[in-house]
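Trainee: I would like to go through this structure one question at a time. Please give the reasoning before each value or name.

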Protein chains: 2
Amino acid sequence: MKQFFKILKKSKKSRARLGLIKTPHGRIKTPAFLPVATQATIKSLSPADLKEIGFEALLCNTYHLYLRPGHKIVQQLGGLHKFMNWPGPIVTDSGGFQVFSLGFGLEQEIGKIGGFFPGQAEQPKTVKPKLAKIDEQGVEFRSHLDGSKHRLTPQKSIQIQEALGADIILAFDECTSPLATKEYTRRATDRTHRWAEICLKAKKRKDQALFGIIQGGQWKDLRIESARFISQLPFDGLAIGGSLGKTKKDMYKILDWVIAEMPPEKPRHLLGIGQPIDLNKAVAQGIDLFDCVYPTRLARHGVFLTERGRLNILNSAFRQDKKPIMNGCSCYTCQNFSRAYLHHLFKAKEMLGPRLATFHNLWLIARLMERIRKEIREDKK
Amino acid sequence: MKQFFKILKKSKKSRARLGLIKTPHGRIKTPAFLPVATQATIKSLSPADLKEIGFEALLCNTYHLYLRPGHKIVQQLGGLHKFMNWPGPIVTDSGGFQVFSLGFGLEQEIGKIGGFFPGQAEQPKTVKPKLAKIDEQGVEFRSHLDGSKHRLTPQKSIQIQEALGADIILAFDECTSPLATKEYTRRATDRTHRWAEICLKAKKRKDQALFGIIQGGQWKDLRIESARFISQLPFDGLAIGGSLGKTKKDMYKILDWVIAEMPPEKPRHLLGIGQPIDLNKAVAQGIDLFDCVYPTRLARHGVFLTERGRLNILNSAFRQDKKPIMNGCSCYTCQNFSRAYLHHLFKAKEMLGPRLATFHNLWLIARLMERIRKEIREDKK
């Protein structure tokens, strides 16, 4: 994986970098946002749509594809690229986040910042049975599809990701709950470090890049320790995972601690974060890669991203509104449909609604990332 | 509406005709199939998709659009074409079929042929409360959305359709149950005839064509009487509605009775029929226009149409099948995805599944209609 990542320019105004990741399936201009194709599809969109929007790479979820259709079937069908007909670079996560979020996230409805997923209630409403059991070797969990028992270990995660065949794969880590104590988080972070070394040893394919994941929760010493430990291992890139504090301010502070310890020559992936404001700020802190369900999940609930904030199309104010979602937006949705029509589609639960919303939201994010790269090039960011 | 319909060629082999319908929003080459955009959208597809598939015209449902978003809102937004961003010809039905099928169809799960919708059980399973009450002036019914009371009359149906602004609108008829007695069907058909005259008088807009609807159920004398009565009124075109017997053979026989009485110079629309075999046969009997939810509804259930019959993609035999849905099909779906991937999308309930299936099924029907027109041109049909 020589010259896997090349930094083309460092900003004079911030720690932002302009880079290029080379993979067997093409290049990724960084900073880049990766839309999430959980089940090997960006919900409602075709690969042709994604090409039109201008994305170069996607992220797929190992946990979901392992359970359905199964990594061996994907492998027999020629790997993820061929399976989903996406010719560009693909990243797979390790399955860790999903397995653990079934253990603590679904249980307590907890997200990555502030303890809650954006848009969710402030207080956990339901307590669901714990679906994951952890030990030193791995995690035992039950499928959310049929309740069947499964076990994921660092070795198994790498095997699955090698079968799926993405260009960039992630080490298997323990993603701790934001409600975990410091003592527990320390033990989990140490385990993640041991698993990181196991993942490096388990990896057989030479054509995939492997990223390590930095954990440590909200604690400065744990984060710095984890950043140092993971950074000295021979990973092709580094990812920042786990809980990022209670507020956005916490997150930016944690990123500052961690990024200061990361080697400049390796690409840095901030896992699961993707609100426009975060993309802007984290790039200036030195992040190169993002993935997040934020734009696509909101879209399916009728929430459109605009330069002036979110617009909930189900609001009755839009019932007779002839304007497009966002003035000046050149996406297919804004060029062709009124807010009133989109309101109707969502009210009538028509599939075209989520599709047009997903297209718009991803278009907006793609244009934002283009603008960010341009600003770095021109030393404006 | 001069030169609304022009017959370009009559087949030497059958009663098939090649024609051209001119509307304010463009021409329709006939015989033509109109996909059904019930709520002002062909479920899951964009207008750009429909253009790519090659359809010239669509049919929208007045009943649904009257209830949501409401015809006045559509009118304020510039009419259906602008609302849904479909620049080509649009047909609206009268609302009659839906209102009555809520009365007898939903109640007894009854379709247009054989008393049952295709693919449904042979025996009515549930008896739902009657939602429609009929009198000489019109029909009172309850909304399937919120149970609210509404009344539809011939005058009201025309007013709604004028507000919606389609290029071709339909007279309000009573669509009787296939289980109705001959005596009841006779009275209903007479009422449909009186309503036909009311619709012609109620019509104000000069830029819309109005089609009359022939009823009469499965009885030869009633069908012939209705065909004669509706044919002598100054409609721009004629549609064949109502129950078409118990078998396909019954339907072809009924079409023979009716078409023999219809003036050759007016376009003939067979309402709600659209299986490939029916399109082929009814064209040879002299039908010019079709509309049907058949290809799009099947698609949403994972059933793909092929030249060798239907293919239910949920069948586990397709789990690892690398082949496309149909060899030789040049649609986006067949050119880019395997049966295994489509099986996965439907199993995982991913929106892209119905979208790719709808695209393929409509592509197949569009190619079939092209082939039919070519065969008439070459005297092969």
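Trainee: Is R191(A) buried or exposed?

Mentor: A residue is buried if 20 or more other C-beta atoms, placed from the backbone, lie within 10 Å of its own, exposed if 12 or fewer, and partly exposed in between. R191(A) has 20 other C-beta atoms within 10 Å, so R191(A) is buried.

Trainee: What kind of model is this, and how are its residues and chains labelled?

Mentor: Residues are numbered from 1 along each chain as its sequence is written, while chains are lettered from A and ligands numbered from 1 in the order in which they are written. Local features need pLDDT of at least 70, side-chain atom pairs count only at pLDDT 80 or more, and totals for chains, interfaces and linings use all residues, since this is a predicted model.

Trainee: Which residues does R191(A) touch, leaving out those up to four places away in sequence?

Mentor: R191(A) is in helix 7 (residues 182-202) of chain A; helices (H or I, at least four residues) and strands (E, at least two) are DSSP runs numbered from the N terminus. Two residues are in contact if their C-beta atoms, placed from the backbone, lie within 7 Å. One partner lies 55 residues away along the chain, with 7.0 Å between the C-alpha atoms. The residues touched are E136(A) and E174(A).

Trainee: How many residues of helix 6 of chain A are buried?

Mentor: This helix covers residues 154-164 and is largely enclosed by the rest of the structure. Among the buried residues are I158(A), I160(A) and L164(A), and also K156(A) and E162(A). Of its 11 residues, the number buried is nine.

Trainee: What phi does G165(A) take?

Mentor: G165(A) comes just after helix 6 of chain A. Its phi is positive, at about 85°.

Trainee: Where is S44(B), a residue with positive phi?

Mentor: Most residues other than glycine have a negative phi, and most peptide bonds are trans. S44(B) is not a glycine, yet its phi is about 85°. With 24 other C-beta atoms within 10 Å, S44(B) is buried. Its place is the loop between strand 4 and helix 1 (47-53) of chain B.

Trainee: And D379(A): buried, partly exposed or exposed?

Mentor: D379(A) also has a positive phi without being a glycine, here about 55°. It sits in the segment after helix 14 (352-377) of chain A. With 13 other C-beta atoms within 10 Å, D379(A) is partly exposed.

Trainee: What is the geometry of the peptide bond from T30(A) to P31(A)?

Mentor: P31(A) is in the loop between strand 3 (26-30) and strand 4 of chain A. Omega of the bond from T30(A) to P31(A) is near 0°, and the bond is cis.

Trainee: Which element supplies the largest share of the side of domain 1 of chain A that touches domain 2 of chain A?

Mentor: An automatic or database domain assignment gives the bounds, with domain 1 at 5-292 and domain 2 at 294-381 of chain A. Across the boundary, 30 residues of domain 1 are in contact with 23 of domain 2. Strand 4 (32-35), helix 1 (47-53) and helix 10 (276-285) of chain A each supply at least two residues of the domain 1 side. The largest share, five residues, comes from helix 10 of chain A.

Trainee: Which element of chain B gives the most to the side that touches chain A?

Mentor: In the contact between the chains, 31 residues of chain B meet 31 residues of chain A. Helix 3 (71-76), helix 4 (80-84), helix 13 (339-347) and helix 14 (352-377) of chain B give two or more residues each. With five residues, the element that gives the most is helix 13 of chain B.

Trainee: What relation holds between the two chains?

Mentor: Copies are superposed by least squares on the C-alpha atoms of residues with pLDDT of at least 70 in both. Chain B is laid on chain A by a turn of 180° and a shift of 0.0 Å along the axis, with an RMSD of 0.0 Å. That is the relation of a two-fold axis.

Trainee: Which residue of chain B comes closest to the rotation axis?

Mentor: The same surface serves both copies, as 100% of the contact residues of chain B recur in chain A. At a C-alpha distance of 3.7 Å from the axis, the closest residue of chain B is M351(B).
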